[in-house]
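Trainee: I'd like a close look at a single part of this model, and then a walk outward from there. Could you keep the cut-offs explicit as you go?

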Amino acid sequence: AAGRLQQRFEGRGRTVLYAVGGAVALLALLLAFNWWRERRADEASLALGKAIEIAEAPVSATPQPNQTGPSFKDERERAQKAVEAFQKVQNEYGSPYKDLARYFAAANLLTVDRPKGIGELEALSKDGDADVAARARFALAQAREADAQYDAAAALYQELLKNQSPT
């Protein structure tokens, strides 16, 4: 058996060497790509977390003495900074971080520019990731309810319930 294998590769040493070298190079490229992709996912997750921290930061006219992290003097300032942070994530990273950042930016836009925020939520509720669309529908329903558009809010809540129920 070893003799037949030797005969088969006789005179093809260079070709075998190139094939092995190519396989090693391909493996190295795959490992490098996987490392890069994981690093980008970690960066995106961290950036999204920092943006969420801004969105959830306390609002106070006077900062608390032992306050760690950001704080803002009013809701509008906090929402504006959160929108900027989420838009940065949206522009720098791919899905699923981009989609979640777009949703959070739209939700915070409701405080800064309500019509634009509602428009973004409506767009998100119709396309993209199913989880993000459901979140957008819920936020949109809450916005409609806050604007005393009870029929529109009820319709969105019903749609959410219908989509959640097993069929």
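Which residues make the nonpolar surface patch of about 230 Å²?

Mentor: Some ground rules before the patch. This is a predicted model, with local features needing pLDDT of at least 70 and side-chain atom pairs counting only at pLDDT 80 or more, while totals for chains, interfaces and linings use all residues. Residues are numbered from 1 along each chain as its sequence is written, and side-chain values use heavy atoms, with hydrogens and water left out.

Now the patch: Val16, Val20 and Val24 make it, and its area is about 230 Å². Patches here are made of residues with over 30% relative accessible area and no salt bridge, where like charges are joined within 9 Å and nonpolar side chains (Val, Leu, Ile, Met, Phe, Trp, Tyr) within 5 Å. The areas come from the Shrake-Rupley method with a 1.4 Å probe, and for residues only the protein chains shown count as cover. Take Val24: with a relative accessible area of 53%, Val24 is exposed. On this scale buried means under 20% relative accessible area, exposed means over 50%, and partly exposed is in between (1.4 Å probe, protein chains only).

Val24 belongs to helix 2, which covers residues 13-55. Helices (H or I, at least four residues) and strands (E, at least two) are DSSP runs, numbered from the N terminus. So let's follow helix 2 along.

Further on you meet a network of salt bridges that links Arg39, Arg40 and Glu43. The term means a side-chain nitrogen of Lys or Arg within 4 Å of a carboxyl oxygen of Asp or Glu. Inside that network, Arg40 and Glu43 pair up at 3.6 Å, N to O. The two sit 3 residues apart in helix 2, which means about one helical turn separates them. Glu43 has a relative accessible area of 28% and is partly exposed; Arg40, also partly exposed, has a relative accessibility of 28%.

Next, Ala47, another helix 2 residue. Ala47 is partly exposed at 22% relative accessibility. Setting aside neighbours within four places in sequence, Ala47 is in contact with Val89 and Tyr93, where contact means heavy atoms within 4.5 Å. Gln90 is 43 residues from Ala47 in sequence, yet their C-alpha atoms are 10.0 Å apart in space.

Helix 2 also has a partner in helix 4 (residues 97-112): their axes come within 11 Å and cross at roughly 10°. That crossing makes the two helices roughly parallel. On the helix 2 side, the contact is made by Ala41, Ala44, Ser45, Leu48, Ile52 and Ala55, and on the helix 4 side by Tyr97, Leu100, Ala101, Phe104 and Asn108. As for how those numbers arise, axes are lines fitted to C-alpha atoms, for helices over the stretch in contact, and angles run from 0 to 180 degrees between N-to-C directions. Angles under 35 degrees count as roughly parallel, over 145 as roughly antiparallel, 65 to 115 as roughly perpendicular, and the rest as oblique.

Arg78, in helix 3, brings us back to the end of helix 2. Leaving out neighbours within four places in sequence, the contacts of Arg78 are Ile54, Ala55, Glu56, Ala57, Val59 and Phe72. Arg78 also meets Glu75 in a salt bridge, at 2.6 Å from N to O. Both are in helix 3 (residues 75-92), 3 residues apart, so about one helical turn lies between them. Arg78 is buried, at a relative accessible area of 16%, whereas Glu75 is partly exposed at 43%.

In the whole structure there are 8 salt bridges. One more to look at joins Arg137 and Glu159, with the closest N and O atoms 3.0 Å apart. That pair links distant parts of the chain, 22 residues apart, with Arg137 in helix 6 (residues 130-146) and Glu159 in helix 7 (residues 150-164). Arg137 is buried at 13% relative accessibility, and Glu159 is partly exposed at 30%.

Two backbone details to finish. Ser95 and Pro96 are joined by a cis peptide bond, with omega about 5°, and Pro96 is in the loop between helix 3 and helix 4. Ala148 has a phi near 60°, a positive value in a residue other than glycine. Ala148 sits in the loop between helix 6 and helix 7 and is partly exposed, at 47% relative accessibility.
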